[in-house]
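Reader: Hi, I have a new structure to get through today. Can we go over it together?
Author: Sure. Take a look, then ask away.

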Amino acid sequence: MAAVAYITDPVYLLHETGEWHPESSERLRSIGRHIAPLKERLLCLSPIAVSEKLVASVHTPEHIETVRAHCESLEPIDADTVCSAHSWEAAMKAAGAGIVAVDAVHAGEAGLAFCAVRPPGHHATPERSMGFCLFNNVAIAARYAQTRGYGRIAIVDFDVHHGNGTQEIFYTDGSVLYFSSHQSPAYPGTGSSDERGAGAGDGTTFNYPFPPGSGDESVPPLYEELLAPVLADFEPDLILVSAGYDLHEKDPLAQLQVTTDGVRRIVHAILHSADVPKIFMLEGGYNVDALGECVAATIEEMLQYPN
């Protein structure tokens, strides 16, 4: 049975977004409460602060400096994406959690990892922070993993919102596959099924948009029936998962109707999709009770893998 690493840090709670912002520190507090009975079975690790050189592997120098300036001035980047006194440190350690996870699986200390981080990352493009995201955590982890010998990376994204930033970063890169299910229409308006990659990346982007109201009858079967064949063709060395739990029926920011059991089915399908290490990186999920419940279900599935 594969050891499961769990990576988080108190600094994530200090990324202040404001009293009414849905991406609040209470999200991680709820996760902590829900997974408390499981903690003794996990390999608990602390993140490092990622180097700016690694951030620059997916973001422009101008983007990095813009984020730094907003964190220093405490000015929001846009109406959704805010910065506080500890946001820079939190963002660097959010990306750094992926580095620690890659090192743990590379060293054989764990076969699976869950990174409970904030701010999230999958909307951050090479040049822009948006959608609550400062830096693209999963993309930085992918680039770092390639320096550690994981040449072919699959990124699986089940957040209700399309990971436009992740797709843009790897759209022309045939060494990184992007597989996403998401609600459409919904923010940020990208992710149509005909977006398939370009150049060397042609055919390595897979988008599966679902209309509002879709639930357990349609979203989990996508993962149960299609993910393994897609990955078998690609033959990844490592799977990174943008784990967004705002597809849940109780989430206030979207209209998919996936239940907690449906989320468990999705996670189970991902875990059994290919026999390679897998690292989950927290993205969305804004009903805090549903979020905690779903992360606990995710970790329970990880602790039972393989079964």
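Reader: Which residues of helix 5 are buried?
Author: This is a predicted model, so keep that in mind. In helix 5, the buried residues are N137, V138, A139, I140, A141, A142, Y144 and A145.

Reader: How many of its residues does helix 5 have buried?
Author: Eight of 11. Helix 5 runs over residues 137–147 and is mostly covered.

Reader: What covers the buried residues of helix 5?
Author: Both helices and strands. The cover includes helix 2 (52–55), helix 4 (87–106) and helix 6 (164–170). It also includes strand 4 (153–157), strand 7 (238–243) and strand 8 (278–282).

Reader: And just after helix 5, which residue takes a positive phi?
Author: G149. Its phi is about 105°.

Reader: Let's zoom out. How many helices and strands does the protein have?
Author: Nine helices and eight strands. The radius of gyration is 17 Å, close to the 19 Å that the globule rule gives for 307 residues, so the protein is as compact as a globular protein of that length.

Reader: What box do the C-alpha atoms fill?
Author: Roughly 50 × 45 × 40 Å, along the principal axes.

Reader: What share of the residues counts as buried?
Author: 60% of the 307 residues. As for surface, the protein exposes about 11200 Å². Carbon and sulfur atoms supply 52% of that area.

Reader: Of contacts between residues at least 6 apart in sequence, what share joins residues at least 24 apart?
Author: That comes to 79%.

Reader: New topic: disulfides. How many by the count?
Author: Zero. A disulfide is a covalent bond between the sulfur atoms of two cysteines.

Reader: Why is C115 not bonded to C44?
Author: Distance. The C115 sulfur has its closest cysteine sulfur in C44, and that is 12 Å away, too far for a bond. The cut-off is 2.5 Å.

Reader: And how far is C294 from the nearest cysteine sulfur?
Author: 18 Å, and that sulfur belongs to C115. C294 is in no disulfide either.

Reader: Are those two buried or exposed?
Author: C115 is buried, with a relative accessible area of 0%. C294 is buried too, also at 0%.

Reader: Last one: charges. How many positive and negative side chains are there?
Author: 18 positive and 41 negative. The centres of the two sets lie 5 Å apart.

How values were computed. Residues are numbered from 1 along each chain as its sequence is written. This is a predicted model: local features need pLDDT of at least 70, side-chain atom pairs count only at pLDDT 80 or more; totals for chains, interfaces and linings use all residues. Side-chain values use heavy atoms; hydrogens and water are left out. Helices (H or I, at least four residues) and strands (E, at least two) are DSSP runs, numbered from the N terminus. The radius of gyration is taken over C-alpha atoms; the globule rule is 2.2 Å times the number of residues to the power 0.38. Buried means under 20% relative accessible area, exposed over 50%, partly exposed in between (1.4 Å probe, protein chains only). Contact means heavy atoms within 4.5 Å. Accessible areas come from the Shrake-Rupley method with a 1.4 Å probe; for residues, only the protein chains shown count as cover. Lys and Arg count as positive and Asp and Glu as negative; His and the chain ends are not counted. The place of a charge is taken as NZ of Lys, CZ of Arg, CG of Asp or CD of Glu.
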